[in-house]
Amino acid sequence: MTQQSGSDDHDAEHQALVRALAQCPGGYFAAMLLAESVLHDIDVKKAMRIQQKLGNQKLLSTILVELGMLTEDEQRRLIRKHGKSFRIGELICELGYITLAQLQLAEQKLAISPGQRMGEVIRELGLIDDRQLAQALSEQLSLPLIHIDLDTADRNLLRRFPIKFMRMHLTVPYEASDSKVSIATANPLNNIAIEEMERQLKKKAVIAIAAESALLSMLGKLEAVGGKGEAHDQVTEVVDSILLAAIREHASDIHIEPMDCKTRIRLRLDGVLIHKMDLPSELAQRVTARIKVLAEMDISDSRRHQDGRFSREVGNIAADYRVSTYVTIYGENVVMRVLRSTGGLKNIEQISMSRGLLDRFKHEALDVPTGVIMITGPTGSGKTTTLYAAIDYLNRPTTKIITVEDPVEYLVPGIIQCSVDKIAGRTFEESLKALVRQDPDIIVLGEVRDKKSAQVAVQAALTGHKVLTTFHTEDSIGGLLRLIDMGIETFLISSTVVSILAQRLIRTICPDCRQAYMPNKRIANMIGIDDNTLRNHTFYRGTGCGTCYGTGYHGRTALHELLVINEDVREAILERKTSQDVRQISCESTDLLSLMEDGLYKVLLGLTTVEEVYRIAPRSPSHRSVDQIYQLMGHES
């Protein structure tokens with residue numbers, strides 16, 4: 001009876017909290033977080049108290065992010081999942097396009113002009129433009145955003161409908177197949193024009209969002225010149241829209257790929273490429289030219305591969321972009337690496353390392369007074385993130401840390417950072433010479449590129465410095481062997497290298513479509529999962545949904561392989577033993593856990609899938625039992 005009474009009281013308190021949230025700025029989203037079990041009542045109550053103390057000048061989600069109770073990724077995922085449930089004003093505010101004060105101003109204006117839509121009011125107040133409104137609608141409704149112009153449309157299809165009708169409803173058909181018609185609209189909800197176009201054409205509509213100005217410009221041109229005008233100069237808007245999409249989706253790279261009759265735009269999300277939009281070839285050429293201007297590349301030369309970089313703030317988020325062009329048979333292929341200057345820095349506890357490995361990395365590697373600590377892996381494996389997390393761990397008022405980077409990717413208060421600039425004569429080699437005369441305690445080399453930088457790292461360690469750097473190798477043992485291949489003497493390697501941390505990034509299961517399944521037995525066995533574990537353990541995968549673009553994965557975590565050098569390994573290096581021998585000695589004498597074993601562990605934790613580990617992790621068969629792996633990982637039952 002007492003238990004039932006306590007449960008009823010808790011339910012009543014929860015319902016009272018939900019009702020109270022309806023009166024709070026951002027309360028709808030906070031109630032959603034409770035319903036999804038992302039947060040508990042106590043978390044939301046704390047945020048509400050802070051909001052009240054601040055005079056209701058901040059959204060609850062903003063406060064929750066600042067308190068560390070909610071991540072930006074979780075916020076974005078839930079907005080995308082429940083976008084249709086939001087009112088457009090709330091959504092635009094949650095997405096950061098406008099401030100809470102600006103939303104409240106728009107709500108006051110709407111109250112005295114009830115016939116208007118909130119989106120129109122926000123635009124009339126000059127708080128956002130029609131392109132940003134289109135972007136918000138795209139996110140709210142999970143509909144693609146398209147850059148429409150006369151040259152991108154089927155003119156015969158356009159002539160099937162009166163211009164006045166299309167202008168009134170801000171809706172145009174632009175492409176048709178045997179069974180479907182592609183329609184661009186700035187007004188996707190309750191739009192009778194879409195229904196009318198479906199009825200007349202006897203085709204099913206495929207809806208995309210377009211900016212109002214682009215639609216009106218296109219229709220005005222069609223009306224004035226009979227569809228023979230040139231494409232409207234919207235290049236800057238298109239470039240900013242591509243950059244904004246990459247920033248908001250946390251893409252690592254942007255790919256602009258010319259093809260036979262169009263140009264494809266893809267973003268690399270969680271390590272895989274996702275198709276975002278297409279551009280007509282003529283417009284794409286001007287987009288490429290605009291990017292080359294920003295990156296200070298030679299716009300007149302389209303026959304030579306080029307590299308450049310630029311910084312730009314889009315959507316109130318600053319980022320650096322490394323640009324590379326590659327000349328193909330259809331034109332210049334452009335790839336841009338996105339480097340966010342804020343929000344990417346993590347502390348040592350946030351790099352997805354298991355407790356057992358993390359304790360060893362801190363105490364047996366980072367805390368060692370001198371020596372070289374190397375972080376290895378291929379491009380895009382998260383080496384730089386781990387390097388900066390290690391710097392953050394070592395950053396103390398009593399320690400001087402100096403870096404040489406190309407370029408500086410994150411700003412860290414309290415350390416001395418140098419960015420290589422060849423034009424200014426500040427080359428990597430010159431910076432290395434100057435660095436050792438600056439009385440550093442810890443030296444950070446952005447990357448060991450060649451024998452010269454490897455020698456600097458080793459010599460600095462010999463003179464009593466701690467050196468942190470990154471290296472491009474397959475695994476931890478490969479790092480040792482590559483140093484030997486570079487011509488570094490084995491006695492120097494054995495006496496200066498403290499540890500090598502190899503890593504990979506692996507996709508995690510999407511939380512919105514996560515389901516239990518039975519993995520392929522052959523693949524499970526190949527990553528070290530025996531038949532007994534397969535029978536007695538529950539495995540999960542994502543089935544594909546809007547949040548994960550149908551991939552079944554959302555977000556990434558890291559796999560790690562930590563080699564801490566001991567006497568047995570040093571002796572093996574001096575004797576120039578094979579990589580297989582060094583690995584076996586390391587496993588037996590240093591409890592080395594391979595990348596594949598860490599992947600197996602994360603599969604058993606339900607973070608990723610057997611297939612993903614098989615796809616990512618280097619082949620290194622495990623001879624350890626699941627219980628042994630649990631123990632070495634510091635797993636708590």
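**Strands, Cavities and a Leucine: Reasons for the Labels**

Guide: In this predicted model, R266 has H275 of β6 as its bridge partner.

Visitor: What makes β5 and β6 a pair of strands?

Guide: Two strands count as paired when at least two bridges are found between them. Strand β5, residues 263-269, is joined to β6 by seven bridges in the antiparallel sense, so the requirement is met. In general, strands of a sheet pair through backbone hydrogen bonds, in either a parallel or an antiparallel manner.

Visitor: Which strands make up the open sheet, and in what order?

Guide: The open sheet has six strands, in the order β6-β5-β4-β9-β8-β7, and the pairing is antiparallel. From one strand to the next, the twist averages 20°.

Visitor: Why are β6 and β7 called edge strands?

Guide: Strands β6 (272-279) and β7 (306-314) each pair on one side only. Pairing requires at least two bridges, and each of these strands has such a partner on a single side, which is why the term applies.

Visitor: Which helices lie across this sheet, and at what angles to β7?

Guide: Helix α14 lies across β4, β5, β6, β7, β8 and β9, running at about 80° to β7. Helix α15, residues 281-294, lies across β4, β5, β6, β7, β8 and β9 as well, at about 90° to β7.

Visitor: What makes an empty space a cavity, and how many cavities of 30 Å³ or more are there?

Guide: A space is called a cavity when a 1.4 Å probe fits in it but cannot get out. The search of the whole structure finds three cavities of 30 Å³ or more. The largest cavity holds about 90 Å³ of space. Eleven residues line the largest cavity, and those closest to its centre are I146, H147, A211, A214 and E237.

Visitor: What is the character of the lining of the second largest cavity, and why?

Guide: The second largest cavity has a volume of about 40 Å³, and its lining consists of V372, M374, V448, A454, A457, V458, L483 and V497. Val, Met, Ala and Leu count as nonpolar; therefore the lining divides into eight nonpolar, no polar and no charged residues. Helix α19 gives the most to this lining, with three residues. The lining of the largest cavity, by contrast, has seven nonpolar, two polar and two charged residues.

Visitor: What lines the second largest pocket, and which element supplies the largest share?

Guide: This pocket has a volume of about 830 Å³. A pocket, in contrast to a cavity, is an open set of points. Its lining has 30 residues, of which P144, L145, I146, K276 and M277 lie nearest the centre. Strand β6 supplies the largest share, six residues. By class, the lining has 13 nonpolar, eight polar and nine charged residues.

Visitor: Is L110 buried, partly exposed or exposed, and what makes it so?

Guide: Burial requires a relative accessibility under 20%, and exposure one over 50%. L110, in helix α7, has a relative accessibility of 22%, so L110 counts as partly exposed. L110 touches Q116, R117, M118 and V121, leaving aside residues up to four places away in sequence.

Visitor: Which residues of α5 fall under the 20% limit, and what covers them?

Guide: In helix α5, residues 72-81, the buried residues are Q75, R76, R77, L78, I79 and R80. Among the elements that cover them are α2, α4, α6, α9, α14 and β18.

Terms used:
Residues numbered from 1 in each chain as written. Predicted model: local features only at pLDDT ≥ 70, side-chain atom pairs only at ≥ 80, totals over all residues. Heavy atoms only, no water. 1 Å grid on protein atoms, 1.4 Å probe; cavity = no way out; pocket = protein on both sides within 12 Å on 5 of 7 lines; lining within 4 Å. Points joined across faces, edges and corners; volume = space filled by probe spheres on them. Helix = DSSP H or I, 4+ residues; strand = E, 2+ residues; numbered from the N terminus. Buried < 20%, exposed > 50% of the residue type's maximum accessible area, 1.4 Å probe, protein only. Contact = heavy atoms within 4.5 Å. Axes fitted to C-alpha atoms, helices over the stretch in contact; angles between N-to-C directions.
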